Amino acid sequence: MIILCPFYRDLNKHEKRITPGKIDTTFRYKRALHILEESFNRHHTGIDKFLICTDNTTQFNTQSTAKKHRIDCKGKNLMESLIHSNTSIVEQYDNAMLILCGSDHIILKNLAPLFKDSFDIAIMMRRNTDKVNNAVVLVNSTPTNTASIQEFFNLRQRIYYELKERTRDWGGDQESLRIALQQIGLLPEKDSWKLPRLHNALGITFKFFDYDSNGIYGVNKQRIKMLQGLSSMPNQLPPLYNRNTLFLDFKGERKQVFNRVYEDIRSNSGLYRLKR
């Protein structure tokens with residue numbers, strides 16, 4: 001069973017002050033969440049689930065049929081809420097393929113191939129670095145590995161509270177993962193050239209993979225830059241995403257083409273898909 005677990009929570013006043021330039025406050029994240037649900041349901045049926053992870057107060061469109069996994073986030077900032085939500089999810093499910101993510105994505109195909117390798121936790125890395133990209137974390141939970149998976153996520157949560165306040169406000173989700181991997185001996189990564197990049201710690205198997213691989217791709221950043229400075233979007237955009245994409249990410253400035261790419265995908269025209 002695949003469970004896509006996007007996290008969404010309304011920003012509080014404190015977070016609106018600290019996020020200029022970090023969160024695009026003009027981007028409609030809640031609408032993107034609805035599109036993510038729609039695109040997931042188009043490619044998944046039966047026992048697979050779309051589960052919105054959120055707090056106790058955020059309200060959603062009544063058109064959504066998705067179940068909600070709610071936790072108490074009172075007094076917690078966005079990063080803190082996300083980390084607690086991740087920990088809570090892995091504590092609840094002991095026999096599922098969990099995909100922990102945000103809301104600014106579109107699903108293009110069935111996501112089962114993300115779990116083709118034998119791993120318990122898969123972490124996405126920034127290419128050629130030991131830095132984590134927390135856009136997606138994959139968890140393959142079973143009754144035999146769930147205790148070790150929970151141990152890792154609880155370690156990550158404890159580390160978060162040891163970070164400097166500025167990092168806790170923004171980037172603490174990625175930095176806490178990086179330090180947790182460092183503490184269990186997986187970073188710096190050894191033999192990163194060997195594929196698949198599988199490593200053992202805590203009695204379970206971790207997989208590392210780079211952003212723009214493994215079926216998870218971002219909209220092409222270089223081609224987005226070609227559009228910057230134009231007074232308006234051209235009638236037809238250049239090809240923007242890889243044809244092998246299962247899970248399409250719109251991090252950062254990629255959000256400016258979210259609606260155009262979504263309409264293209266919805267109409268199945270393929271105008272913006274890279275041919276390689």
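1. In this predicted model, helices H3 and H6 are oblique to each other, because their packing angle of about 50° falls in neither the range under 35 degrees nor that from 65 to 115. H3 spans residues 78-92 and H6 residues 172-183, and their axes lie 9 Å apart.

2. The contact between these two helices draws on Met79, Leu82 and Ile83 from H3. On the side of H6, Gly172, Asp173 and Ser176 take part. Sorted by class, the contact of H3 with H6 comprises 3 nonpolar, 2 polar and 1 charged residues.

3. Aromatic pairing deserves separate comment. A search of the whole structure returns 9 aromatic pairs. One of them joins Tyr8 and Phe60 in an edge-to-face arrangement, with 5.9 Å from centre to centre and 65° between the planes. This pair links distant parts of the chain, the two residues being 52 residues apart. Tyr8 belongs to the loop between strand E1 (2-6) and helix H1 (13-18), and Phe60 to the loop between strand E2 (49-55) and strand E3 (67-71). Both Tyr8 and Phe60 are buried.

4. The ring of Phe60 has a further partner: the charged end of Lys30 sits over this ring, 5.7 Å from its centre.

5. Tyr160 and Tyr161 also form an edge-to-face pair, at 5.2 Å centre to centre and with 85° between the planes. Are Tyr160 and Tyr161 buried or exposed? Tyr160 is buried, because its relative accessible area of 1% is under the 20% cut-off. Tyr161 has 41% relative accessibility and therefore counts as partly exposed, a value that lies between the limits of 20% and 50%.

6. A single aromatic cluster is formed by Phe27, Tyr29, Phe250 and Phe258. Phe27, a member of this cluster, also has a lysine over its face: Lys255 lies 5.6 Å from the ring centre.

7. The loop between E2 and E3, which holds Phe60, is also the place of Thr65. Thr65 counts as exposed because its relative accessibility of 69% is over the 50% limit, whereas Phe60 is buried. Thr65 and Asp24 are 41 residues apart along the chain, and 27 Å separates their C-alpha atoms.

Terms used:
Residues numbered from 1 in each chain as written. Predicted model: local features only at pLDDT ≥ 70, side-chain atom pairs only at ≥ 80, totals over all residues. Heavy atoms only, no water. Axes fitted to C-alpha atoms, helices over the stretch in contact; angles between N-to-C directions. Helix = DSSP H or I, 4+ residues; strand = E, 2+ residues; numbered from the N terminus. Parallel < 35°, antiparallel > 145°, perpendicular 65-115°, else oblique. Contact = heavy atoms within 4.5 Å. Nonpolar A, V, L, I, M, F, W, Y, C, P; charged D, E, K, R; others polar. Phe/Tyr/Trp six-rings, centres within 6.5 Å; stacked < 30°, edge-to-face > 60°. Buried < 20%, exposed > 50% of the residue type's maximum accessible area, 1.4 Å probe, protein only. Lys NZ or Arg CZ within 6 Å of the ring centre and 35° of its normal.
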